[in-house]
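Biologist: I'm new to this one and would like a close look at a single part, the open sheet and what surrounds it. Could you walk me through it slowly?

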Amino acid sequence: MGAQQSTPSAPTIVPPATGNMAVPVSACPVKHDATTPAPAAAAPVSACPVKHDGAAAASVSACPVSHKSADSGSACPVRQKPSATTAAKDCGCEKKADATPAAPAAEECPVQTKTKYQNPKVYNVYSQEIDPKNMMPTTANQQPAPGQNVTLPVDREASSIPKGGTESTWQYPSPQMFWNALVRKGKTEGASEEDMINVVRIHNNMNENTWMQVLEWEKLHPAPADVEGAEPKLLRFLGRPDEYSPKARLKMLLGHTAPFDRHDWVVDRGGKQVRYVIDYYHDEAAAENDTTPAHMRDMHSIRSIKVDARPAMDSPEAIYDRIVNMPLRRFLNQTTYRPLPLLPPSETVIAEKRKKLLLEKSFLTIRETCVAEKDLLTACKNQKECENASIALQRCTAGVVCPGMAREFDAAVRAQPMEQEKLEVSYANMVKCLELFEMDARKTFSK
């Protein structure tokens, strides 16, 4: 979900209440006036906090709680002691031995209390259990990374995804945190600091889309109405980009490209942990229609990222959901969930083949055009010669792959007087373009 998250302290867990759990007698808000006139003798007003409307009240019915025994089938969620006298004293109303019988069941308390559930465990973004009472450090690393040249925003956005074990939601990383994570993991190849704002927007949008799919599956198991906090929450997650799921392997055999990422999310379903497997695919046919998301729940901007979220087949219930329950809901048009096709769409296959042909053509042109520069690099004899030959080969390659950036670099080199900062920026942009080209080629030709 991000590089690092701040997690609020988990509130006190309230154990589930049952019909036999003792609560203060004041919990019942209904006034149970006796239907039978009270005896003439009245108890002192100071002995009972209940207003008796001028009528003497020596019966249990004067108290706003029905004092029937626990076996009477009372609708009020108050457990009564066998002794009516003791129960009356608990309410503050003294009861005489010859008191009138208690009010009928129809006047008993109609209030139904809800129990409250909250997972006792809280996890960080690395799926490590943490102590919600001692979550240190309380602030994420928002300092610039070593060698960073661009000032990045440090503002974080709250997701719509409830966080298990808390009453808050997961927090998305800031652009600065995202860049720090890439530097720490050694994954800055093909990325630049300037890209981080848009990268974070796409990252957040992708996760919101994933959660919406998870919720469609969770609708197959509605949370009980009498339990507060039992709605699904994301307890923890784990990125597994180098481990293909069984379904992804099958789809690759049938012609799909490999997913570019995989996550395993563990959802807290009111006390039951349910693992979801999510594969993320890139659709080359839709890439040209991508735009920057207007907000994190904009589901129409990034069309090239396809999300395949489903419960892992870890239990008979999950297997039934995937084979019977969800297909039935889809047949009845009772869900918005739409699985990705098992076979790749024809337009996607055509787009992938076209991309592969373009890459092959580019490599062929580079081999034919940059022969002299390659020979210079092979024959260089000292560090200075090798550095110049390397830059010359990069410039020649960029002339094929990204000619616009190559022209900007040429202009910065020829400028009089030469502006060092402009030269360095144009060179960095050219190198970044070559890195992206190399990454794209590796992914394409490894399929």
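Modeller: Here is a tour that starts with the whole chain, settles on the sheet, and then follows a few side chains around it.

Keep in mind that this is a predicted model. The chain has 447 residues, and 37% of them count as buried. There are ten helices and ten strands to find your way through. Among the contacts with a separation of 6 or more, 69% are between residues 24 or more positions apart. The accessible surface is about 25500 Å², with 56% of that belonging to carbon and sulfur atoms.

Now for the sheet. Four strands make it up, in the order S7-S8-S9-S10, and the sheet is open with antiparallel pairing. S7 (233–239) and S10 are the edge strands; each has a single partner, so one side of each has no neighbour in the sheet. On average, neighbouring strands are turned by 25° against each other, direction ignored. Helix H3 lies across S7, S8 (261–269), S9 and S10, and runs at about 35° to S10.

Let's go strand by strand, beginning at the S7 edge. S7 and S8 run antiparallel and are joined by six bridges, with Lys-233 standing opposite Asp-268 in S8. A good residue to click on in S7 is Arg-236. The C-alpha atoms of Arg-236 and Val-266 are 5.4 Å apart, although 30 residues separate the two along the chain. Leaving out residues up to four places away in sequence, Arg-236 touches Tyr-123, Ser-127, Trp-170, Asp-264, Trp-265, Val-266 and Gln-273. With Gln-273 there is also a polar contact, side chain to side chain, at 3.1 Å.

Next comes S8. Nine of its nine residues are buried, so S8 is largely enclosed by the rest of the structure. Its side chains go two ways: Asp-261, His-263, Trp-265, Val-267 and Arg-269 point one way, while Arg-262, Asp-264, Val-266 and Asp-268 point the other, and all are buried. Notice the charged residues there. Side chains of opposite charge can pair when their charged atoms come close. Arg-262 and Asp-264 form a salt bridge, with 3.1 Å between the closest N and O atoms, and both residues are buried. Through shared partners, salt bridges join Arg-240, Glu-243, Arg-262, Asp-264, Arg-275 and Asp-314 into one network.

Moving on, S8 pairs with S9 in the antiparallel sense over nine bridges, and Trp-265 stands opposite Tyr-276 in S9. These two strands form a hairpin with two residues between them; in the turn, Gly-270 has a positive phi of about 60°.

At the other edge, S9 and S10 also pair in the antiparallel sense, over seven bridges. Here Ile-278 is opposite Ala-309 in S10. S10 has a charged link of its own: Asp-308 forms a salt bridge with Lys-247, the closest N and O atoms being 3.1 Å apart. This pair links distant parts of the chain, since Lys-247 sits in helix H4 (residues 246–253) and Asp-308 in S10, 61 residues apart. Both Lys-247 and Asp-308 are buried.

Before leaving this corner, look at the loop between S9 (272–282) and S10 (305–311), where you'll find Ser-301. Is Ser-301 buried or exposed? Its relative accessibility is 4%, and the cut-off for buried is under 20%, so Ser-301 counts as buried. Its side chain makes a polar contact of 2.4 Å with the side chain of Asp-298. Not counting residues up to four places away in sequence, Ser-301 touches Asn-289, Asp-290, Thr-291, Thr-292, Pro-293 and Ala-294.

One last stop, away from the sheet. A search of the whole structure finds 21 salt bridges, and one of them brings together the side chains of Arg-442 and Glu-189 at 3.4 Å, N to O. Arg-442 is in helix H10 (residues 420–445) and Glu-189 in the loop between H2 (175–185) and H3 (196–218), so the pair ties together parts 253 residues apart in sequence. Arg-442 is partly exposed, at a relative accessible area of 42%, and Glu-189 is partly exposed too, at 35%. Set that beside the Lys-247 and Asp-308 pair, where both residues are buried.

Technical notes. Residues are numbered from 1 along each chain as its sequence is written. This is a predicted model: local features need pLDDT of at least 70, side-chain atom pairs count only at pLDDT 80 or more; totals for chains, interfaces and linings use all residues. Side-chain values use heavy atoms; hydrogens and water are left out. Buried means under 20% relative accessible area, exposed over 50%, partly exposed in between (1.4 Å probe, protein chains only). A polar contact is a pair of N or O atoms within 3.5 Å; within protein, one must be able to donate a hydrogen and the other to accept it, and residues adjacent in sequence count only if both atoms are side-chain atoms. Contact means heavy atoms within 4.5 Å. A salt bridge is a side-chain nitrogen of Lys or Arg within 4 Å of a carboxyl oxygen of Asp or Glu. Two strands pair if DSSP finds at least two bridges between them. Axes are lines fitted to C-alpha atoms, for helices over the stretch in contact, and angles run from 0 to 180 degrees between N-to-C directions. Accessible areas come from the Shrake-Rupley method with a 1.4 Å probe; for residues, only the protein chains shown count as cover.
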